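Work through the exercises below with the sequence and the 3D structure at hand. Try each task before reading its solution.

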Amino acid sequence: MEELKIANDIRFIGVNDYDLDQFEGQYPVEHGVSYNSYVILDEKVAVMDTADKRVSKQWMENLKKALGDRKPDYLVISHMEPDHAANIGAFAEEYPEAKLVGNAKTFGMLKQFFGTDYAERQQVVADADTLCLGSHTLHFILAPMVHWPEVMLSYESSEGILFSADAFGKFGTLDVKEKWSIEARRYYYNIVGKYGVQVSALLKKAEALDIKMICPLHGPILKDNIDYYVRKYKIWASYDADKEGVLIAYASVYGNTKEAALKLAEYVRACGEKRVVLMDLTRVDVSVALSDAFRYDHMVLAGVTYDGGLFPCMETFLEHLKMKNYQRRTIGFIENGTWAPIAAKLMRTRLEEMKGMEFVEPVVSIRSHMTDETQLQLKDLAKAITTR
């Protein structure tokens, strides 16, 4: 990948990882991921984070190319997660005179990962502290639990650049052509989504800044229409829906529950609902299903009774919703069971543990296969779920 110039005296030295198939060992990434890192070349030189160990060699080569015959004065550590911090040890060995810049919580984690906290090289900063590099000045913004307790953003005031750590990141390498919001939304809800309160607090701090560019640790550098990205994050952090629409998430064993879900979608569209999304939980990764559950304001769950409980993929889906603070949605239910249909009761019990949930009637209960009576119930459910 060619060297990317961010601004005067600021260079991109990150690396695209095309071979990664699962981010954090659980989220499928069809188009890999980027590990972003930056260098500010001023009277003093600051390196903004390192990269994952998978790309150590390439990252170090990029760093040395950007530095030329210069040596770094500082390594600013925004986040200690290994996909950004794995090369701190190699950096410290290569550049023994460089200071390591972080907050108090950073250095406790540094010792856990590397066996030393580099006590003699620490430059500990607090919220609102600054670091002058010459014509560039970094303003540090502590952002605990976005999404680790030591996370720290840096705002470079002369260029209006926000080095945003994991905030505003997305899955995918930098050269993939796709709409930002799709994979940024999946990234947000699965990685950061549990911490909406903390993200909202960070966004309030950001309102006081004149942000012209956002440089995240994953995904593209955001230069145009900054208000759009901030607006999206405000929606996501508040757990509001992006759009009005109905997600029908179903888990079917032999196809009868799927048939009911498809029929419901037909009836929902007939009620005038333009956005109806069908999601087969046995086929779609739970990270994708979770992202769409947050995207729309209404959802119908169609599930079966399985071993006296819920079909495993439905159980997993509901557990992920709870873990990521799913809330304030309108929910309908379809259940199917040959001798003991209790899926609707179990699904509702899980959802009642979440904040501000509203449930609509009727609950459509199928005994093995749809009948004329259950089709009428599906029509009634379609009307109920589309009433706002």
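**Exercise 1: a hairpin and its neighbour**

Thr130 has His139 of strand 13 opposite it. The model is predicted, so local features need pLDDT of at least 70 and side-chain atom pairs count only at pLDDT 80 or more, while totals for chains, interfaces and linings use all residues. Residues are numbered from 1 along each chain as its sequence is written, and side-chain values use heavy atoms, with hydrogens and water left out.

Task: Which strands does strand 13 pair with, and in which sense?

Solution.
1. Fix the terms. Strands (E, at least two residues) and helices (H or I, at least four) are DSSP runs, numbered from the N terminus. Two strands pair if DSSP finds at least two bridges between them.
2. Take strand 12 (residues 130-132). Three bridges connect it to strand 13 (residues 137-142), and the two run antiparallel.
3. Look at the link. Strands 12 and 13 form a hairpin with four residues between them, and Gly134 in the turn has a positive phi of about 135 degrees.
4. Go on to strand 14 (residues 152-156). Five bridges pair it with strand 13, again in the antiparallel sense. Here Leu138 stands opposite Glu156 of strand 14.

**Exercise 2: an open sheet**

Task: In what order do the seven strands of the open sheet lie, and which are the edge strands?

Solution.
1. The order is 1-2-7-8-9-10-11, with mixed pairing.
2. Strand 1 (4-7) and strand 11 (122-124) are the edge strands, since each pairs on one side only.
3. On average, neighbouring strands of this sheet are turned by 25 degrees against each other, direction ignored.
4. Within the sheet, strand 2 (residues 10-12) and strand 7 (residues 38-41) run antiparallel and share three bridges. Arg11 stands opposite Val39 in strand 7.

**Exercise 3: two packed helices**

Task: At what angle do helix 5 and helix 9 pack, and which residues make the contact?

Solution.
1. Axes are lines fitted to C-alpha atoms, for helices over the stretch in contact, and angles run from 0 to 180 degrees between N-to-C directions.
2. Helix 5 (residues 180-192) and helix 9 (residues 286-295) pack at about 95 degrees, their axes 9 Å apart.
3. Helix 5 is therefore roughly perpendicular to helix 9 (65 to 115 degrees).
4. Contact (heavy atoms within 4.5 Å) involves Arg185, Arg186, Tyr189 and Asn190 of helix 5. From helix 9 come Ser287, Val288, Leu290, Ser291, Phe294 and Arg295.

Terms used
Parallel < 35°, antiparallel > 145°, perpendicular 65-115°, else oblique.
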